[in-house]
Amino acid sequence: MRALQARKIVKCDFAHPCCSRCQQAKVQCSYDGSATQVDLFNLVKLNETVDMLQQRVQSIESDMKDVSTNTQFVADEFRMTRSSERNNSQSVASNSNFAAMNSLFASSTSSNGQWSLSLTPRGLRIDTNIISLHDLYDILLTGISRLDLDDRPTNGCCANKASSSRESDASSQSSSTASVPEIDRTTIARKKNLWKTKLKTFPLYSTWEPHLGEVPKDHARNDNESTPEMMSQETYDQLMDIYVECLLCLPCADLDDSVADRYRKGTLDPLLFNAVMAWTARHAAIYHHLFPGKDPNQVGEPFFEKAKEILKERFTTTNIDTMHGLIIMYVYAIGRPGERRNSTESEAYIYLGLAIRMCLNMKMFQESSSADPIMREKHRRFFWAVYFLETLCTIHSDKAFSLPPEDLITVAFPTVLPHETGEKQWRVQFTSQRFRITRIYRKIIYKTSHEKPLLSSISTLDKELHDWYDQLPAELKYAPGDINKRDWQSSSFREQACIKLNSEYNFQLCQLYSLFASRSEEDPPSAIDLLTKERCRSTADNIVELMECFSRLKQRWCHFSLETTMVASMVYSIMLSGPQSDHARHQLQRMLNILSASPVRHHKYVFALTKRIEKILAEQRPDVDLDLDDDDVETTTKRIPEQQQQQEQQQQQQPIVEVKQQIAEPSPAPSPALMQQQEQ
């Protein structure tokens, strides 16, 4: 080599692109050798680079093989630890490594999961307390952010990598910018579809179908007695009070102009009045012992027919009262049973579609610019009520969403107004929190529709559910074991709101994790399978515990939801063929006892579920499917011995006899204002 400034031949180390001597002299460096000499030099350097890359590839392959091989070891350690925990908790506590593995499932809501690596004679061991896909995703993301895979020169060993992994978080994140997107594209295999019931069992619908093949004779109705003209003013007042108490999805925000206030003043819109009375009459006949001796599915029909007649002249006029009436008409129509179920469902979807169209016309999906706080709050409650009902509709009908996408929805969630105190405060808080978690469930429906959803998406959903729980007021939170720490024999809706919200929270967690749990025992089980099955078990246990809390309430079962119970029972039916079969059997028996003693035990769907659980427990058959559909329910309810039918028919008639005397007396005539609302 020749340094241009010195113009004499000197020794050179042939470093490229500038030799060491020229670097020290801070002069330009050039090579005057022949092309062959330069090519040979490049070839030698290329060989060295190839050797270095081969060593790195071999090292990575070896690490991957170790991780793959030791997955079975981790699973074996988990099983051994769980068994040791049941047999001898003292010996487990004496071993720090096993104690760390035990903590894996002891902290189901830990947001700061801890983990450590250790080398054992059998390979790499991972100790962690993580039981969340979101925390698992964070570990993977953290691990990738600490890998040093750039092109900087190394000394051919792992010392530089180890030192780079101990750098600050800022430098780690900056060096891994190109690596993080790889984990964002990681997918997780879905083992089954999201469970959606086709049954209209949601409590808001107030669907009533007794499990007996025919309505008892004492239920044979005299249609003339159930017509609006024959109902007393006292009965109308009772129905309005029940409506205000029980229609949770749409609490009135008005201070002096609510539905109940306008009813008492005689100024309530006729369409809204008849829709309210139709839904409330059926609901009251089922849960409040009104209209004894009448078929609950018929007592609201006269009001519903009047509402339909009025709607013929109103469906093109967009206003809040018409939209309100359409919402209630949809809820009533979707809960109508019978052989013409398909046609009634189509009719119900028309009402919901009209309500959605009016919601969009009034731009309720955007935050209202009105100066009146009551009007702003009304817009919020109406939009989220429609959003909630459309989500439920999609679950049991597979219909597409009509409301705008999430990024266009700017309206805030409902809030408690200053004049809403006492029990009304808890109802509004419940409704608002129910709408919030429904929005998360809508995302679950969308993001898990792919065969291989992104791990980052599932992690985000898991985190959103945990964030939703964390923001709950303290009175509405429930932790495992609270059944013995709180008085559940309460008549306040606060306790029922706590039970229902936490049941929905555990239901959605169970739904999310069950998508990735295999139905049979894998050998060896994967880490994802272990995590998902344990989360499903813990959420099912919480649901059963909440069911027992619900049974202790001194309140009606108007709002009892069967969907959460069905999901928990399906989790236990899968567990019956595994090592936790005794626990699953115990929990199923616990559920059976609660449902069999409940006031809704005669409902067709509740009765069918209890019969299937009895079959599993009696015949030792874990293969019985606890997922219900209408055909299965019909088959189950027809297999009742005649003697059992007579006994249960007598039980159904007992509460009716007790209240029959109250309605037998002549009814006073309705008030003139009420007659005017009916005739308008």
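How much space lies in the second largest cavity? About 190 Å³, and the views below take in that void along with its surroundings. This is a predicted model, so a word on the ground rules: local features need pLDDT of at least 70, side-chain atom pairs count only at pLDDT 80 or more, and totals for chains, interfaces and linings use all residues. Residues are numbered from 1 along each chain as its sequence is written, and side-chain values use heavy atoms, with hydrogens and water left out.

**View 1. The largest cavity holds about 460 Å³ of space.** A cavity here is a set of points, on a 1 Å grid over the protein atoms alone, where a 1.4 Å probe fits but cannot get out; lining residues have an atom within 4 Å of a point. Grid points are joined across faces, edges and corners, and the volume is the space filled by probe spheres set on the points. By this rule there are 5 cavities of 30 Å³ or more. The largest cavity is lined by 33 residues, and Phe202, Glu504, Ser561, Glu563 and Thr564 are the closest to its centre. Two or more lining residues come from each of helix 15 (373–397), helix 16 (423–447), helix 18 (493–514), helix 19 (527–552) and helix 20 (562–575). Helices are DSSP runs (H or I, at least four residues), numbered from the N terminus. Helix 18 chips in the most, with 7 residues. Sorted by class, the lining of the largest cavity has 16 nonpolar, 11 polar and 6 charged residues. For the bookkeeping, Ala, Val, Leu, Ile, Met, Phe, Trp, Tyr, Cys and Pro are nonpolar, Asp, Glu, Lys and Arg are charged, and the others, Gly among them, are polar.

**View 2. The second largest cavity is lined by 16 residues.** Nearest its centre lie Phe202, Leu204, Leu248, Cys249 and Phe430. Helix 11 (270–287) and helix 16 are the elements that give two or more residues to this lining, with helix 16 giving the most at 4 residues. The lining of the second largest cavity breaks down into 11 nonpolar, 3 polar and 2 charged residues.

**View 3. Helix 11 has 18 of its 18 residues buried, so the rest of the structure largely encloses it.** Buried means under 20% relative accessible area, exposed over 50%, and partly exposed in between (1.4 Å probe, protein chains only). The end C-alpha atoms of helix 11 are 25 Å apart, which agrees with the 26 Å that its 18 residues should span at 1.5 Å a residue. That expected span is 1.5 Å times one less than the number of residues. Asp269 caps the N-terminal end of helix 11, with a side-chain oxygen 3.0 Å from the backbone nitrogen of Leu271. After helix 11 comes His289, with a positive phi near 60°.

**View 4. Helix 13 (residues 320–334) is mostly covered, with 15 of its 15 residues buried.** From first C-alpha to last, helix 13 reaches 21 Å, close to the 21 Å expected at 1.5 Å a residue. At its start, a side-chain oxygen of Asn319 comes within 3.2 Å of the backbone nitrogen of Asp321.

**View 5. Aromatic pairs number 19 in this structure.** Rings of Phe, Tyr and Trp (its six-membered ring) pair if their centres lie within 6.5 Å; planes under 30 degrees apart count as stacked, over 60 as edge-to-face and the rest as tilted. Phe304 and Tyr332 have ring centres 4.8 Å apart and planes at 35°, so this pair is tilted. Phe304 sits in helix 12 (residues 301–311) and Tyr332 in helix 13, so the pair ties together parts 28 residues apart in sequence. Phe304 is buried at a relative accessible area of 1%, and Tyr332 is buried with a value of 1%. Phe430 and Phe493 make an edge-to-face pair, 5.7 Å centre to centre with 85° between the planes. That pair links distant parts of the chain, Phe430 in helix 16 and Phe493 in helix 18, 63 residues apart. Both Phe430 and Phe493 are buried. Tyr236, Tyr263, Phe273 and Phe303 form one aromatic cluster.

**View 6. Leu576 lies in the loop between helix 20 and helix 21 (581–596).** Leu576 counts as buried at 8% relative accessibility. Its C-alpha atom is 9.4 Å from that of Ile616, 40 residues apart along the chain.

How values were computed. On a 1 Å grid over the protein atoms alone, a cavity is a set of points where a 1.4 Å probe fits but cannot get out, and a pocket is an open set with protein on both sides within 12 Å along at least five of seven lines; lining residues have an atom within 4 Å of a point. A polar contact is a pair of N or O atoms within 3.5 Å; within protein, one must be able to donate a hydrogen and the other to accept it, and residues adjacent in sequence count only if both atoms are side-chain atoms.
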